[in-house]
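Please open the structure in a viewer and keep the sequence panel visible. The tour below proposes a series of selections and describes what each one shows.

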Amino acid sequence: MSQTQSPPPSLICWVVSDGRRGIENQALGLAEAVQAQLAAAGTGMRIGRAVAHKDGSVALPDCGPPDLWIGCGRAAIKLAGRHRRTFTRCFFTYVQDPRTRYRDFDLILAPAHDRLTRPNALAMIGSPNRISATLLEDGRAGFAAQIEALAPPRAAVLIGGDSKRFRLTPRIADYLVKRLEGLLADNVSLMITASRRTPKALSDRLSQAFAGHPRVWLFDGEGENPYFAFLAAADWIFVTEESTNMLVEASATGKPVYALPMDGSAGKFTRLHAALEAHGAMRPWLGRLEKWSYTPLAETDRAAGLLINRWAPPLQSHAASGDAA
C-alpha cells in the first residue's frame, strides 16, 4: 500500500518597498504575475509585504522567510544588502534601475527606456503593474452602481502632476479643462481621477467645473479608490504624458489610450512613448475620438516568466534560510 504524498509547501515571496502605492504596486504586480504562473504549474506561493518606514523602522511580513524577494524604490535598495546576508538562498529581484548596488540583486527588471546594460538586467516596456482581467472585473463589480449611473460612452481621465521633466502649469490646466468640456459636449461621460502630484489649483478647478455634473464622476481621494473600475469601464483612457506608470497600466487594458500633453521635455521617456505607440496602444490626443484595438500590453506576465526562468524555483521545499532581519 503506497503512502499518500503530502503536497510541497508554498513558496514565500516578500514584496519590499516604502509602502507608497505607485512604488509598491510595481513589485506587487510582478509578484502576483509570478504567483499566477507558478499556480498554473501546480506550485503555490504566498506574498507578504515588507514596508520600510521613514523613521527607519521596517514592518516585516509574518509569512516566514522569503524564497523570492522583489523590491522597488530606494528603501528596498537599502534593505537588499542586509536581507541578502540573512536569507542566503533567496532570489533577489529589483524593479527599475537601482543605479547602485547592482550586485545585491540576482535579477534587475529595468525599463527599456533606461537602457541599462548589466549581465543581471533584463529590459521591459515600462514597469510591472497589477492590471489583469480579474482585477478589472472585480474593480468594475465593486462600483457597478456608480458606473451604470454614467451614460455610455465613457472616458477615464488620469491626471498626474509635476515631475522632474514636466510641469502642470496654468496653461496646461486651461487646456485640460477645455478638453474635458469638449468631451462632455460630445456626450462622453467622464471618470476623472487626479494624483497626489496634481496641483491643488487644478484639483479645485476640476471640482468647480465638474463636481455634481450628471455625466461626470470626479474622484476626490475620499473613500475607496475606483481607479481599476475606471480602467475597466472606460471606452477610452486619457493620461497626462508624464504619468509613465499610468500610461503602461492603461495600455495593459486593450482600451484606446490618448496621451495628454504637459509643459516640459520627455527626454528618455520619448522612448517609452514610442514603444507604446508602436505597440498600437497609445496615440496623441488631436481632438477627435477614434476607436482602435490592439493586444493588451502583457509585459508584466512576460517579465514574470523571465524571472521564473532565471530563478528556477525549488518546487519541493523552501529554499530560504535564516531569521527575519
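**First stop: an open sheet**

Begin with an open sheet of six strands, whose order is 11-10-8-12-13-15 and whose pairing is parallel. At its edges lie strand 11 (216-219) and strand 15 (282-284), each of which pairs on one side only. From one strand to the next, the twist averages 20°. Please bear in mind throughout that this is a predicted model.

**Second stop: strands 8, 10 and 11**

Next, select residues 189-194, which form strand 10. How many of its six residues are buried? Five of the six are, and strand 10 is accordingly described as mostly covered.

Now add strand 8 (154-159) to the selection. Strand 8 and strand 10 are parallel and are paired over six bridges. Within this pairing, Ala155 has Leu190 of strand 10 as its bridge partner. Leu190 in turn has Val216 as its bridge partner in strand 11. To pass from strand 10 to strand 11, the chain goes through helix 6 (residues 200-210), and this β-α-β crossover is right-handed. Strands 10 and 11 also run parallel, joined by four bridges. Another pair to display here is Ile192 and Leu218, the latter in strand 11, which stand opposite each other.

**Third stop: the nonpolar cores**

Keep Leu190 and Ile192 selected and add Phe238: these are the residues with the most contacts inside the largest nonpolar core, which has 61 residues. Show the side chain of Phe238 and look at its surroundings. Which residues are in contact with Phe238, leaving aside its neighbours within four places in sequence? They are Ala155, Ala156, Val157, Leu158, Leu183, Tyr258, Leu260, Trp285 and Leu289. A second core, separate from this one, has 25 residues, including Ala33, Val34, Phe91 and Met124.

**Fourth stop: strand 1 and its partners**

Select residues 11-17, which make up strand 1; seven of its seven residues are buried. Both faces are covered. On one side are Leu11, Cys13, Val15 and Ser17, and on the other are Ile12, Trp14 and Val16.

Then add residues 45-52, which form strand 2; seven bridges pair this strand with strand 1 in the parallel sense. Val16 can be found opposite Ala50 of strand 2. If helix 1 (residues 21-40) is displayed as well, the selection of strand 1, helix 1 and strand 2 shows a right-handed β-α-β unit.

Strand 4 (residues 68-72) is also paired with strand 1, in the parallel sense and over four bridges. Here Val15 has Ile70 of strand 4 as its bridge partner.

**Fifth stop: a loop with two contrasting residues**

Move to the loop between strand 6 (107-111) and strand 7 (121-124), where Arg115 is placed. Asp114 lies in this loop too. Which of the labels "buried" and "exposed" applies to Asp114? Asp114 is buried, because its relative accessible area is 18%, under the 20% limit for that label. Beyond its neighbours within four places in sequence, Asp114 is in contact with Gln96, Asp97 and Lys268. Arg115, by contrast, is exposed, because its relative accessible area is 58%, over the 50% limit. The backbone of Arg115 also deserves attention: its phi is near 55°, a positive value in a residue other than glycine.

**Sixth stop: two further backbone features**

Select Asn187, in the loop between helix 5 (170-185) and strand 10. Asn187 is not a glycine, yet its phi has a positive value, near 65°. Asn187 is partly exposed, with a relative accessible area of 47%.

Then select Pro152 and Pro153. The peptide bond from Pro152 to Pro153 is cis, with omega near 0°. Pro153 is located in the loop that runs between helix 4 (144-148) and strand 8.

**Last stop: confidence in the model**

Finally, colour the chain by pLDDT. The mean for the protein chain is 92, and 94% of the residues reach 70 or more. Over residues 316-325, however, the pLDDT is below 50; this stretch has 32 contacts in the model beyond near neighbours in sequence. Predicted coordinates should not be read in detail where pLDDT is low.

How values were computed:
Residues are numbered from 1 along each chain as its sequence is written. This is a predicted model: local features need pLDDT of at least 70, side-chain atom pairs count only at pLDDT 80 or more; totals for chains, interfaces and linings use all residues. Side-chain values use heavy atoms; hydrogens and water are left out. A nonpolar core is a set of buried Ala, Val, Leu, Ile, Met, Phe, Trp, Tyr and Cys residues joined through side-chain atoms within 4.5 Å. Buried means under 20% relative accessible area, exposed over 50%, partly exposed in between (1.4 Å probe, protein chains only). Contact means heavy atoms within 4.5 Å. Two strands pair if DSSP finds at least two bridges between them. Helices (H or I, at least four residues) and strands (E, at least two) are DSSP runs, numbered from the N terminus. Axes are lines fitted to C-alpha atoms, for helices over the stretch in contact, and angles run from 0 to 180 degrees between N-to-C directions. pLDDT is the predictor's confidence in each residue, from 0 to 100. A crossover is right-handed if, with the strands pointing away from the viewer, the path from the first strand over the helix to the second runs clockwise.
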